[in-house]
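Thanks for sending this one over. Here are my notes as numbered points, to be read with the model open beside you.

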Amino acid sequence: MATTERDFYEVLGVARSADDTEIKKAFRARARELHPDVSEEADAEARFKEVVEAYEVLSKRETRELYDRFGHAGLRSGGFRPSNFDFGSLTDLFSAFFGDDLFGVGNRGRARGGDIAAELEIELVEAAVGIRREVPFEVAVVCSTCSGSGARPGTEPVQCASCGGSGRLQQVSRSVFGEFVRTQACSRCGGAGRVIADPCSGCEGSGRVLEERRLEVEIPPGIHNGQRIRLPGEGHSGQLGGHAGDLYVLVHVKPDPRFVREGNDIFSTVDLTMTQAALGLTVSVPTLEGDRELSFDPGTQPGEVVVLRGLGMPVLQGFGRGDHRVLVNVAIPRRLTDDQRRALEDFERTAGAETYRVDEGFFGKLKSAFR
């Protein structure tokens, strides 16, 4: 994230109501102005990164909505990571973002590689501390036999006869309003401008082969179920020198039967018998950090909540932790022996108003526990 955390709309110079076309146009203009190969200003590189980051956020509906509602903090909580752009040429830049070059002619086959989706399942306690896990995935890499050209070693792709090597075909139509020129990618060569007459035996002319990989992924503490981690450049390799795609790891946090997660807070229950609640005792309760001894005073009431401050989930990419709230459930006996019934009847006869006196501060404690 940019250290100054300037408003992304201000960075691109557009209104908050700007549509996708306006955002793309503003990004092109700012990128041309600030690219390190063009600008001579001392802070051009930092400002260029800021412009790229702003476009990444505002050009996607999901991240733009998150930013509009919660700002930079919301992006951090949502797991957004800006791209580590390598400051290639302006042609590479616009190819990576728009699929075309600076002048709209095409990049002659230098297509960006596709993204990959992988999934990973972790335990709730692992999500609380953060872990490193290996993720297996299948990825297209440059063919080692032909070095990505797609042609048999010792041969070269030949110029496409349909488009003359331009990768584009133009169709001119005339009307009463004048001539209209329609340009599209050549269907024979796919916009590469070249065709492979003698394909490589290793990749059958595609220039890429599939490879099984395993990558160690760092899962940050506090991650939520369903969040994605983006690993730039770990996706399918691009064609003819194009940039590689990204790897997106979807994290599933398994439900823990002992806990319920709400935001960064953890909820659990503890079961006490009627006599235990009346007499008070110390019991062991599970937490994310292991079992902990918890003392209950005599007269503990059903529904009472004990708050363990700072024992909830860590704040994702932030500071502090949520709380662990333990709800007391008091079990009432359903079946009694004759002796037990007589004992309870004797107790009830001797009990008075003072026995069941309501703790005046109980409801105040209960309200504060849920704040």
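1. Let me begin with the contact of two helices in this predicted model. On the H2 side, the residues taking part are Ile23, Lys24, Phe27, Arg30, Ala31, Glu33 and Leu34. Their partners in H3 are Ala44, Arg47, Phe48, Val51, Val52, Tyr55 and Leu58. Sorted by class, this contact of H2 with H3 counts ten nonpolar and four charged residues, with no polar ones.

2. Now the geometry of that pair. Two packed helices are described by the angle between their axes and the distance between the axes. Here helix H2 covers residues 20–34 and helix H3 covers residues 44–58. Their axes come within 9 Å and cross at roughly 165 degrees. An angle over 145 degrees counts as roughly antiparallel, so H2 is roughly antiparallel to H3. As for handedness, the crossing of H2 and H3 is left-handed.

3. For the chain as a whole, you will find nine helices and 15 strands. Of its 371 residues, 37% count as buried. Taking the contacts in the chain with a separation of 6 or more, 64% are between residues 24 or more positions apart. The next points go through a few single residues.

4. Have a look at Asp115, in the loop between helix H5 (90–98) and strand E1 (116–122). Is Asp115 buried or exposed? Its relative accessible area is 39%, and because partly exposed covers values between 20% and 50%, Asp115 is partly exposed. Leaving out residues up to four places away in sequence, Asp115 touches His236, Gly245, Asp246 and Tyr248. With Asp246 there is also a polar pairing: a polar atom of the Asp115 side chain lies 2.8 Å from the backbone nitrogen of Asp246. The C-alpha atoms of Asp115 and Gly233 are separated by 8.8 Å, with these positions 118 residues apart along the chain.

5. Ile229 sits in strand E8, residues 228–231. With a relative accessible area of 10%, Ile229 is buried, since the cut-off for buried is under 20%. Which residues does Ile229 touch, not counting those up to four places away in sequence? They are Val217, Glu218, Ile219, Pro220, Ile223, Leu247, Tyr248, Val249 and Val251. For Ile219, ten residues apart from Ile229 along the chain, the C-alpha separation is 8.0 Å. Tyr248 is worth colouring in your viewer, as it is among the contacts of Ile229 and also among those of Asp115.

6. Thr287 belongs to strand E12 (residues 281–287). Its relative accessibility is 3%, so Thr287 counts as buried. The side chain of Thr287 reaches the backbone oxygen of Gly290 at 2.6 Å. Beyond four places in sequence, Thr287 touches Phe259, Arg292, Leu308 and His324.

7. Last comes Glu126, placed in helix H6 (residues 124–129). What does Glu126 touch, not counting residues up to four places away in sequence? The contacts are Ile131 and Arg133. With Arg133, the side chain of Glu126 makes a polar contact of 3.2 Å. Further along the chain, Val253 is 127 residues apart from Glu126, and the C-alpha atoms of the two are separated by 8.7 Å.

Terms used
Residues are numbered from 1 along each chain as its sequence is written. This is a predicted model: local features need pLDDT of at least 70, side-chain atom pairs count only at pLDDT 80 or more; totals for chains, interfaces and linings use all residues. Side-chain values use heavy atoms; hydrogens and water are left out. Axes are lines fitted to C-alpha atoms, for helices over the stretch in contact, and angles run from 0 to 180 degrees between N-to-C directions. Helices (H or I, at least four residues) and strands (E, at least two) are DSSP runs, numbered from the N terminus. Angles under 35 degrees count as roughly parallel, over 145 as roughly antiparallel, 65 to 115 as roughly perpendicular and the rest as oblique. A crossing is left-handed if the near helix is turned anticlockwise from the far one by less than a right angle, and right-handed if clockwise. Contact means heavy atoms within 4.5 Å. Ala, Val, Leu, Ile, Met, Phe, Trp, Tyr, Cys and Pro count as nonpolar, Asp, Glu, Lys and Arg as charged, and the others, Gly among them, as polar. Buried means under 20% relative accessible area, exposed over 50%, partly exposed in between (1.4 Å probe, protein chains only). A polar contact is a pair of N or O atoms within 3.5 Å; within protein, one must be able to donate a hydrogen and the other to accept it, and residues adjacent in sequence count only if both atoms are side-chain atoms.
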